[in-house]
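Visitor: Pick one part of this model and take me through it up close, please. I'd like the cut-offs along with the values.

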Amino acid sequence: MTLRALLFLSAFASAVAFGEDLVRTGELAVTIQRTDTIFRTVLKLPAPSPPTKPKDEVASRLQILEGFWRLYSTAKPKFVFTLTPVKFDAKRLSSVFKGVARERLVTLIQGGFVAPYGPLATGTRSVLTLEEYGDALGHLIARAMERTHTPSRQYSPYLQGFG
């Protein structure tokens, strides 16, 4: 085997190893709680009641959605404007989400808080990797801060009437 092939295999093996670290309920609870605290500090909202400590198990996509809904609900009273709803094909959503969970997922997707075709909404596995969860959480945080802070009209075409 050549050195190039060995380096490729090494990089591939480490990528596979990192990709299989799944989100645990403890990690989910900590990240949601810390993000909620930051939202409340930045948006000048009252402190929440302390959450209960979950069992340490692999977090399901439903549990992740529940945490994201909590963050959305925290920031929602401070939204300063509304953007055009995100269009997507609801048939592609995972069958894991039913009833209230599906309604919440649709609301988050239409608001741009969750990627419409990302692993949380349309994935085939019942769990997410740490990388997938981190991307989804970052996406939600970015949209929440975008919706709670009025941008400069000078640099925002959709506020100038052009977009």
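Guide: Let's start just after H2, where Lys 44 takes a positive phi of about 55 degrees. That sign belongs here to a residue other than glycine. Most residues other than glycine have a negative phi. Helices here are DSSP runs of H or I with at least four residues, strands are E runs of at least two, and both are numbered from the N terminus. Bear in mind that this is a predicted model, where local features need pLDDT of at least 70 and side-chain atom pairs count only at pLDDT 80 or more, while totals for chains, interfaces and linings use all residues. Residues are numbered from 1 along each chain as its sequence is written, and side-chain values use heavy atoms, leaving out hydrogens and water.

Lys 44 sits in the loop between H2 and H3. Its relative accessibility is 71%, so Lys 44 counts as exposed; the cut-offs are over 50% for exposed and under 20% for buried, with partly exposed in between, using a 1.4 Å probe and protein chains only.

Now step back into H2 itself. The helix has 18 residues and spans 26 Å from first C-alpha to last, close to the 26 Å expected at 1.5 Å a residue (the expected span is 1.5 Å times one less than the number of residues). Its buried residues are Thr 25, Leu 28, Ile 32, Gln 33, Thr 35, Asp 36, Phe 39 and Arg 40. An α-helix has 3.6 residues a turn, so residues three or four places apart point the same way. The cover over the buried residues of H2 includes H3 and helix H6 (130-148).

Arg 40 deserves a stop. This H2 residue counts as buried because its relative accessibility is 18%. Leaving aside residues up to four places away in sequence, Arg 40 touches Leu 45, Pro 46, Ala 47, Pro 48 and Thr 74, where contact means heavy atoms within 4.5 Å.

H2 also helps shape the largest pocket: helix H2 (25-42) and helix H3 (61-75) each supply at least two residues of its lining. The volume is about 320 Å³. A pocket is an open set of points on a 1 Å grid over the protein atoms alone, where a 1.4 Å probe fits, with protein on both sides within 12 Å along at least five of seven lines, and lining residues have an atom within 4 Å of a point. The volume is the space filled by probe spheres set on the points, which are joined across faces, edges and corners. Thr 25, Leu 28, Ala 29 and Ile 32 are among the lining residues, as are Gln 63, Glu 66, Gly 67 and Arg 70. By class, there are 5 nonpolar, 4 polar and 2 charged residues in that lining.

The second largest pocket holds about 160 Å³. Gly 26, Ala 29, Val 30 and Gln 33 line it, along with Pro 51, Thr 52, Lys 53, Pro 54 and Asp 56.

For context, the protein chain has 7 helices and 0 strands. Of its 163 residues, 32% count as buried. Among contacts between residues at least 6 apart in sequence, 77% join residues at least 24 apart. One long-range pair is Pro 77 and Thr 148, 71 residues apart in sequence yet 8.8 Å apart in space, C-alpha to C-alpha. Pro 77 lies in the loop between H3 and helix H4 (100-110), and at 62% relative accessibility it counts as exposed.

Methods: Ala, Val, Leu, Ile, Met, Phe, Trp, Tyr, Cys and Pro count as nonpolar, Asp, Glu, Lys and Arg as charged, and the others, Gly among them, as polar.
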